[in-house]
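This report is written for a reader who is meeting the structure for the first time. It begins with one charged residue and then turns to other parts of the chain.

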Amino acid sequence: MPLARSDSLQDIDFTLRRQFNKTSFRPHQRDIILAALDGHDVFVQAATSFGKSLCFQLPAVIDRGITIVISPLLSLMMNQVEALRAANVEARTLNSNTPMPERDYIYRDLATGHPHTRLLYVTPELCSMDRFRDRLRLVHAQKELARVVVDEAHCISEWGHDFRRDFKRLTWFRESFPDVPIMCLTATANAQVRADILSTLGLDRTPARLRCFTMTAHRPNLHLEVRFTSDEANDRYDDFVGWLKGVYARRAADDRRPELEAAGERIQNVPGIIYTLSRDECESLAAALRCDDIGARPFHAKLPKEVKEETLARWINNEPGYDIIVATTAFGMGIDKDNVRFVVHWRLPKSFEGYYQEAGRAGRDGNASYCFLYYAREDRDRVCNMVMRDATATAAAKAKAKAGDDANLQARIRSLNRLVEYCESTDGCRHAFICRYFGEDEVPRCDFACDWHKDPQDLKRRMMRGLASEEWVSTQRMEGAYDDYYYSD
Ligand SMILES: Nc1ncnc2c1ncn2[C@@H]1O[C@H](COP(=O)(O)OP(=O)(O)OP(=O)(O)O)[C@@H](O)[C@H]1O
């Protein structure tokens, strides 16, 4: 049974305006929020930038009690908590980085059984700890556990690209608190991943209680393009810089400049992200771009925390010298800057879902944005080797390889293969390919927003000319040329 709501904030439109400073709901948000407020379990699958967070934040503000939000990424939690606190919502996070006084406060708050905290963001690992579980039992006994939310829910599934073993243990919530509604959200799930999420969380056992909102993955404002290259051509850098300088030149032209000046916008304020697969490449590429007077900064897991925070803050504020983030995959899920105008994949990503999540950082304001993926067959073989090596290392480290490891390896290889097919496909719309991948039947409308729709003949020509031949790549492969590549976040 849903908990009673507080009396003062029953009007969701009022709460949207007052607490979240937004004038209207986006399509489907209202229905999702109402289903949650009615006490249903809710599954939401919607495109990147749809506005999924609001779907659990707003009910958390309206309902009495505390909402526990389980999220896989510390940076993602911290961003959301900061934004909520700025809007005067009692939100907090409890994770390995939480300072001791804050940690003590939260545990004391939970121990009262009637916490002041409305949204508590935690890691899945924390949810397995006895101390935390005891506190939740106490809160539940007082009927103050309003809802459990699993964000980035694809991490639950071995068939998903970002499988995290601790997400499997979230099964505990339904077993321990059968009356507490659960909401789970993801941007990237296929039918198998969806089924896995519902069964792990125990939502499929009470179908009458469950409301599923499965929306299209389509992002019509993303212009998708594959750029073909090879080890021999090694032309990514010149190609990218040529493109970017062309963008700057168009912004500096007489017909554009006055408009930008009036808006106080710099010519080079064309925010973007370039994804690389290794820290070395991330550092060297950012340095090379800076030598070419392009404001690029590296971002990877090994940088000091203060450097990462400063880089992120200055990039978000559109400061000179911080126009482009050159990142490893340490920078991805949940990054929410509205005016990212391009996302470039310097190398083939490791999974289809990862590619689309990262591309989804672009164009969150709804304006046209460009997503290039530089594809080389040599990289295909390198990435495939890396995925296999990763899987072997994980299995060995775990001593006994479990069925889950096997399923996850299969899923990762399948996902990579589909991404390779996507890159090498020259006979159809890229948006349609993506929607099919995520199990959609309807063909999305593409308004010249992919390289195939723009010029199918040119696409074929570029692929023929740009890629190394399969014969060459397979000879090199047999000689072990692609074995010693590595990636790092
Ligand atoms: N109704 C609304 N009106 C205006 N802006 C909104 C609305 N709902 C959400 N937004 C804004 O849209 C942006 C994207 O929202 P959010 O970060 O929740 O996306 P998401 O669906 O979780 O995407 P991703 O899966 O890519 O992380 C945020 O800046 C959020 O403030």
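## Arg364 and its partner

The model described here is predicted. Arg364 has a relative accessibility of 16% and therefore counts as buried, since the limit for that class is under 20%. The residue forms a salt bridge with Asp336, and the closest N and O atoms are 2.8 Å apart. The two residues belong to distant parts of the chain, 28 residues apart. Asp336 sits in the loop between strand 11 (324-327) and strand 12 (342-345), while Arg364 sits in the loop between helix 14 (352-359) and strand 13 (369-375).

Is Asp336 buried or exposed? With a relative accessibility of 55%, Asp336 counts as exposed, because the class begins over 50%. The bridge from Arg364 to Asp336 thus has a buried residue at one end and an exposed residue at the other.

## Other salt bridges

How many salt bridges does the rule count? The count comes to 34. One of them joins the side chains of Arg30 and Asp13, with a distance of 2.7 Å from N to O. Arg30 lies in helix 2 (residues 29-37) and Asp13 in helix 1 (residues 12-20), so this pair ties together parts that are 17 residues apart in sequence. Both ends fall in the partly exposed class: Arg30 has a relative accessibility of 34%, and Asp13 has 24%.

A further salt bridge is formed by the side chains of Asp451 and Arg462, at 3.6 Å from N to O. Asp451 belongs to helix 18 (residues 451-454) and Arg462 to helix 19 (residues 456-466), so the pair ties together parts that are eleven residues apart in sequence. Asp451 is buried, at 6% relative accessibility, whereas Arg462 is partly exposed, with a relative accessible area of 23%. Salt bridges that share partners also join Asp231, Arg236, Glu281, Arg347, Asp379 and Arg382 into one network.

## Two domains and their interface

The protein chain is divided into domain 1, covering residues 5-214, and domain 2, covering residues 222-487. Their C-alpha centres lie 30 Å apart. To the contact, domain 1 contributes 20 residues and domain 2 contributes 21 residues.

The size of an interface is often given as the accessible area lost when the parts come together. For domain 1 and domain 2 this area is about 1900 Å², with 57% of it on carbon and sulfur atoms. On the side of domain 1 that touches domain 2, the residues divide into seven nonpolar, eight polar and five charged. Which contacts of charged or polar groups does the rule find across this interface? It finds zero salt bridges and one residue pair in polar contact, with both residues at pLDDT 80 or more.

## Two buried strand residues

Asp41 is found in strand 1 (residues 41-45). At 0% relative accessibility, Asp41 counts as buried. A polar atom of the Asp41 side chain lies 2.9 Å from the backbone nitrogen of Ile182. Residues up to four places away in sequence aside, Asp41 touches Arg174, Val180, Pro181, Ile182, Leu203, Thr206, Arg209, Leu210 and Arg211.

Cys184 is found in strand 6 (residues 182-186). Cys184 is also buried, with a relative accessible area of 0%. Apart from its neighbours within four places in sequence, Cys184 is in contact with Val42, Phe43, Val44, Val150, Ala153, Ile197, Leu201 and Leu203. Leu203 therefore appears among the contacts of Asp41 and among those of Cys184. The C-alpha atoms of Cys184 and Glu152 are separated by 7.7 Å, although the two residues are 32 residues apart along the chain.

## A mostly covered helix

Helix 17 (residues 430-437) is mostly covered, with seven of its eight residues buried. Which residues of helix 17 are buried? They are Arg430, His431, Ala432, Phe433, Ile434, Cys435 and Tyr437. Following helix 17 comes Gly439, whose phi is positive, near 85 degrees.

Terms used. Residues numbered from 1 in each chain as written. Predicted model: local features only at pLDDT ≥ 70, side-chain atom pairs only at ≥ 80, totals over all residues. Heavy atoms only, no water. Helix = DSSP H or I, 4+ residues; strand = E, 2+ residues; numbered from the N terminus. Buried < 20%, exposed > 50% of the residue type's maximum accessible area, 1.4 Å probe, protein only. Polar contact = N/O pair within 3.5 Å; in protein donor to acceptor, adjacent residues only side chain to side chain. Contact = heavy atoms within 4.5 Å. Domains from an automatic or database assignment. Buried area = accessible area lost by both parts, 1.4 Å probe. Salt bridge = Lys/Arg side-chain N within 4 Å of Asp/Glu carboxyl O. Nonpolar A, V, L, I, M, F, W, Y, C, P; charged D, E, K, R; others polar.
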